[in-house]
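Colleague: Before I use any of these labels, I'd like to hear the reasoning behind them. Can you take me through it?

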Amino acid sequence: MPEPSDHDLAVRMAELARVLAAPRNAEEILTKVTSAAVDLIAGVDTAGILLIKKGGQFESIAGTDELPHELDELQHTLNEGPCIEAASSSDYDVVRTDDFRRETRWPAYTAAVQKLGVLSGLSFRLYTHERTAGALNLFGFQPTEWDVERQTIGTVLAAHAAAALMATNQSDNLRSAVASRDRIGQAKGIIMERFDVDDVRAFEMLRQLSQESNTSLIEIAQRVIDTRSGH
């Protein structure tokens with residue numbers, strides 16, 4: 001694929017910026033990021049994003065086809081590979097392989113990807129969330145010299161992906177906080193009615209139960225709610 005012109009590159013980057021600014025879901029943004037990587041970076045034939053959540057759970061998302069998911073599964077099974085290294089290691093922001101036929105860092109993975117027709121790869125660490133590591137992963141079917149220009153474009157795309165994931169996480173945290181507040185409010189109402197106390201005393205009772213049982217306030221609130229519903 002020929003290199004994109006400066007004009008093409010500017011247009012696509014501007015388009016991604018508009019997409020990121022608009023109220024869209026993260027999946028749509030990440031899909032556009034991986035598609036843009038294939039369109040804008042010479043040598044990239046397929047792309048995807050790997051998230052590794054706390055506890056080692058793998059989530060393969062936004063692949064331009066099924067191959068990135070297959071490569072993520074392969075790394076999960078073998079417990080080695082560039083995507084894992086980029087996502088999990090604080091030592092490298094970019095992990096590159098110009099030719100897997102000469103790669104020695106991940107012997108089992110390297111042998112396997114060649115059988116799938118993948119000969120080069122470029123992975124960018126995503127600064128996502130303290131409980132989630134991530135990488136934008138680009139692969140080529142030919143050996144590719146991942147020069148500074150290619151890496152620069154990839155770094156910009158990775159920044160878009162990371163921003164989308166961060167925004168989603170903040171939104172999830174906000175929804176969780178609202179839900180927690182609602183549960184505490186509901187539990188307070190039950191205690192106020194049951195024990196004929198005001199809301200300050202009801203909250204103090206919840207807090208005391210939480211401390212005495214070494215249980216989170218949210219869990220105590222849910223237990224109070226469950227007593228009302230007969231659980």
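**Labels and reasons**

Modeller: Let's start with R101, which touches Q114, L119 and P143, leaving aside residues up to four places away in sequence. Keep in mind that this is a predicted model.

Colleague: What makes R101 and Q114 a contact?

Modeller: Contact means heavy atoms within 4.5 Å, and R101 touches Q114 on that basis. Their C-alpha atoms are separated by 7.5 Å, with the two positions 13 residues apart along the chain.

Colleague: Where is R101, and why is R101 called exposed?

Modeller: R101 is in the loop between β3 (94-97) and α5. Exposed means over 50% relative accessible area; R101 has 52% relative accessibility, so R101 counts as exposed.

Colleague: And Y109, buried or exposed?

Modeller: Buried. The cut-off is under 20%, and Y109 has 0% relative accessibility, so the label follows. Y109 belongs to helix α5 and touches L71, L74, Q75, L78, E80, G81, P82, F100 and F139, again not counting residues up to four places away in sequence. The C-alpha atoms of Y109 and G81 are separated by 6.1 Å, although the two are 28 residues apart along the chain.

Colleague: Why is I52 called buried?

Modeller: I52 has a relative accessible area of 10%, which is under 20%, so I52 is buried. I52 sits in strand β1. From I52 to I84 the sequence gap is 32 residues, and the C-alpha to C-alpha distance is 8.0 Å.

Colleague: Now the helices. How do you know that the length of α3 agrees with what a helix should span?

Modeller: Helix α3 covers residues 67-78, twelve residues in total. The expected span is 1.5 Å times one less than the number of residues, so α3 should span 16 Å; the end C-alpha atoms are 16 Å apart, which agrees.

Colleague: What does the same check give for α2?

Modeller: Helix α2 (residues 26-40) has 15 residues, and from first C-alpha to last it reaches 21 Å, close to the expected 21 Å. Its buried residues are A26, I29, L30, V33, T34, A36, A37, V38 and L40.

Colleague: Which residues of α3 are buried, and what covers them?

Modeller: L67, P68, H69, L71, D72 and Q75 are the buried ones in α3. Their cover includes β1 (46-53), β2 (57-61), α4 (82-88), α5 (107-115) and β5 (132-140).

Colleague: How do α3 and α5 cross, and what makes them antiparallel?

Modeller: Their axes come within 10 Å and cross at roughly 150°. Angles over 145 degrees count as roughly antiparallel, and therefore α3 and α5 are roughly antiparallel to each other. The crossing is right-handed. L71, L74, Q75 and L78 of α3 make the contact with A108, Y109, A112 and V113 of α5. By class, that contact has seven nonpolar residues, one polar and no charged.

Colleague: What comes just after α3?

Modeller: N79, with a positive phi of about 60°. N79 takes that phi although it is not a glycine. N79 lies in the loop between α3 and α4.

Colleague: Why is N79 called exposed?

Modeller: Its relative accessible area is 63%, which is over 50%, so N79 is exposed.

Colleague: What about D196: where is it, and what is its phi?

Modeller: D196 is in the loop between α6 (148-195) and α7 (199-213). D196 has a positive phi of about 55°, although it is not a glycine. At 71% relative accessibility, over the 50% cut-off, D196 counts as exposed.

Colleague: And the chain as a whole? How many helices and strands are there?

Modeller: Eight helices and five strands, running α-α-β-β-α-α-β-α-β-β-α-α-α from the N terminus on. Of the 231 residues in the protein chain, 42% are buried.

Colleague: What share of the contacts comes from residues 24 or more positions apart?

Modeller: They account for 58% of the contacts in the protein chain with a separation of 6 or more.

Note on methods. Residues are numbered from 1 along each chain as its sequence is written. This is a predicted model: local features need pLDDT of at least 70, side-chain atom pairs count only at pLDDT 80 or more; totals for chains, interfaces and linings use all residues. Side-chain values use heavy atoms; hydrogens and water are left out. Helices (H or I, at least four residues) and strands (E, at least two) are DSSP runs, numbered from the N terminus. Buried means under 20% relative accessible area, exposed over 50%, partly exposed in between (1.4 Å probe, protein chains only). Axes are lines fitted to C-alpha atoms, for helices over the stretch in contact, and angles run from 0 to 180 degrees between N-to-C directions. Angles under 35 degrees count as roughly parallel, over 145 as roughly antiparallel, 65 to 115 as roughly perpendicular and the rest as oblique. A crossing is left-handed if the near helix is turned anticlockwise from the far one by less than a right angle, and right-handed if clockwise. Ala, Val, Leu, Ile, Met, Phe, Trp, Tyr, Cys and Pro count as nonpolar, Asp, Glu, Lys and Arg as charged, and the others, Gly among them, as polar.
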